[in-house]
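Here are some exercises to work through with the model open beside you. Try each task before you read its solution.

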Amino acid sequence: MKTQKTALVAGLLIVLAVLVAVLFRSGGREVIRKSAPAAAGPPAPSPDASAPKPTLKVSVFFVRPSDGLLVPEEREIPVSDSLVQETEAFIAELIKGPTGDLAAAIPRETKLGRVYITKEGTAYVDFSRELIENHPSGTTAELSTVYAVVDGLAFNFKDVKKVFILVDGEERETLAGHIGLDRPFSPDYSLIGKK
Amino acid sequence: MTHRCVASAQGFAVLLAAALVVAAGAVPARAETAVPARNEAFAAGTAKAATGTAEAADQKTIVIDPGHGGLDVGAKGKFGNLEKTVDLAISLKLKTLIEQNMAYRVLLTRDKDIDVSLENRSALANNNNAVVFISIHANGSFRTATGAETFYMSLTDLDEETRKLAYLENNSSQLETRISDDGKDAVKMILWDMAQASYIKQSASLAEAIQRELPALLTTEGRPSRSLAVENRGIKQARFKVLTGVACPAVLVEVAFMSNPEEEQKLIDEDFQTSVAHAIYRGLVSYMRTAGSRPPAPAPSPAPLP
């Protein structure tokens, strides 16, 4: 009886390990290794050892004020073995907003809940309610928000094929009265503006 | 939380798959039982369409949908103007124009400042076998974008099966040979959730026709003191919740940007609203002429614009 139980637990653990391995495996991407971080050991307090962590260069899309189209700003996020962690870091940059002349695509007060990615490549991205409550509303603004997330994820992470946007963990009918959030989005690069 | 959504997405896939099986087997009775799961208005519309007793000699219907209403104010202008108010004003003008000049009955999804669910807006069109659905909106952006644009439904996120059906429906000669009339009804049933997919081609033509008129009319109206010109942003596709369930050619017109202070001033200007209504009306007339969408007999020749 006891051995049976142990076997069961062991079996479950293996299944879980495989699932985690599959889910968290991220695809090919451009990894930038600044200087040589090899054999770093415990973080030495030397002055130039502060930034040798490998980073991933990503294009984060923001709104061009003149026409409402999306244009990229380059950012670097920490490389991780976990695709989920990298996509969460990407969304954090998106929420942080632009540094230049562009406009934010997401209300500043919005917080990211979690990202969950199915093995088919659908990313469920969960935002706090500020995403819709503080949204200016309007078709163009809603499209900016949706595709800054969808195009941004699909463009930077090739394992993300579709994106389902959730608010406070739930599916919403629309973002702010126009664009339906009730099924996953494929990327639509027609909203990306030429530089 | 995410698990629940995954489950519901799978549930949807299963439902769609089931519906497809039903359609393939051409068992309309089964398909019909699936419909009342949606709201009652939808079910009523379906029953009507299925029995085919709906219109006959009646006037054909055009549905105009003033965006938002009630607590849902839509986009807000810097000067405090609300999208819902402008949407309704233009819609009322457009209704009058159509009724004066064309032999169509016009129904509004709302004729005052009230909340109407998105589902009930499309249901109104479906229940009345509308030939055209026009949703009127004023745009909003994260800064100062300007211009007018006309949208129709985007199909990029449809399931492969639904897209195939949409293709078949848009190439009806193929469809007729493959599925009997009953079968065709069954195909329509499963598309309630995505009814607009069947009309995507006509919707695109309607959007084109309206967008051709929008900037043109607004710029040639010629107001020396205060230009009513609006930039042409063209026609676009997007996944509008209000259009998904509409079973007829359907577009959503974004007249101008409420979020742009200059355009906000235009939007509340009655001359501008009238001018926009005329533009949409002219686009509608040219669509009706060319799209072969059987103008009701006797076909009226639309009166020239004042």
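**Exercise 1. Find out how S4(B) pairs with S5(B), and then look at the other neighbour of S4(B), S6(B).**

Step 1: S4(B) and S5(B) run parallel, with 5 bridges between them. Strands here are DSSP E runs of at least two residues, helices are H or I runs of at least four, and both are numbered from the N terminus; two strands count as paired if DSSP finds at least two bridges between them.

Step 2: Turn to S6(B), which is antiparallel to S4(B) and joined to it by 3 bridges.

Step 3: Pick out B:Phe151. Its bridge partner in S5(B) is B:Lys236, and in S6(B) it stands opposite B:Leu252.

Step 4: Check the cover. S4(B) is mostly covered, with 6 of its 6 residues buried. Buried means 20 or more other C-beta atoms within 10 Å of the residue's own, exposed means 12 or fewer, and partly exposed lies in between, with C-beta atoms placed from the backbone.

A word on the ground rules: this is a predicted model, where local features need pLDDT of at least 70 and side-chain atom pairs count only at pLDDT 80 or more, while totals for chains, interfaces and linings use all residues. Residues are numbered from 1 along each chain as its sequence is written, and chains are lettered from A and ligands numbered from 1 in the order in which they are written.

**Exercise 2. Put the strands of the chain B sheet in order and say which ones stand at the edges.**

Step 1: The sheet is open, has 6 strands with mixed pairing, and reads S2-S1-S3-S6-S4-S5.

Step 2: The edges are S2 (105-108) and S5 (232-238) of chain B; each has a single partner strand, so one side of each has no neighbour in the sheet.

Step 3: From one strand to the next, the twist averages 20°. Axes are lines fitted to C-alpha atoms, for helices over the stretch in contact, and angles between N-to-C directions run from 0 to 180 degrees.

Step 4: Within that order, S3 (132-139) and S6 (250-257) of chain B pair in the parallel sense over 6 bridges. B:Ile134 sits opposite B:Val251 of S6(B).

**Exercise 3. Which strands of chain B does H4(A) lie across, and which does H4 of chain B lie across?**

Step 1: H4(A) lies across S3, S4 (148-153), S5 and S6 of chain B, at about 85° to S3(B).

Step 2: H4 of chain B (83-101) lies across S1 (61-66), S2, S3 and S6 of chain B, and runs at about 145° to S3(B).

Step 3: Now the whole interface: 36 residues of chain A are in contact with 29 of chain B, where contact means C-beta atoms, placed from the backbone, within 7 Å. H4(A) gives the most to chain A's side, with 5 residues. By class, that side has 15 nonpolar, 14 polar and 7 charged residues. Ala, Val, Leu, Ile, Met, Phe, Trp, Tyr, Cys and Pro count as nonpolar, Asp, Glu, Lys and Arg as charged, and the others, Gly among them, as polar.

**Exercise 4. Check the length, bend and burial of H4(A).**

Step 1: At 1.5 Å a residue, the 18 residues of H4(A) should span 26 Å, and the end C-alpha atoms are 25 Å apart, which agrees. The expected span is 1.5 Å times one less than the number of residues.

Step 2: H4(A) bends by about 30° at A:Tyr147, the bend being the angle between axes fitted to the seven residues ending there and the seven starting there.

Step 3: 17 of the 18 residues are buried, so H4(A) is largely enclosed by the rest of the structure.

Step 4: Zoom in on A:Asn156, which is in H4 of chain A. It is buried, with 22 other C-beta atoms within 10 Å. Leaving out residues up to four places away in sequence, A:Asn156 touches A:Val58, A:Ser59 and A:Phe90.

**Exercise 5. Which residues of H2(A) are buried, and what follows the helix?**

Step 1: The buried ones include A:Phe90, A:Ile91, A:Leu94 and A:Ile95.

Step 2: Just after H2(A), A:Gly97 takes a positive phi of about 95°.

Conventions. Two residues are in contact if their C-beta atoms, placed from the backbone, lie within 7 Å.
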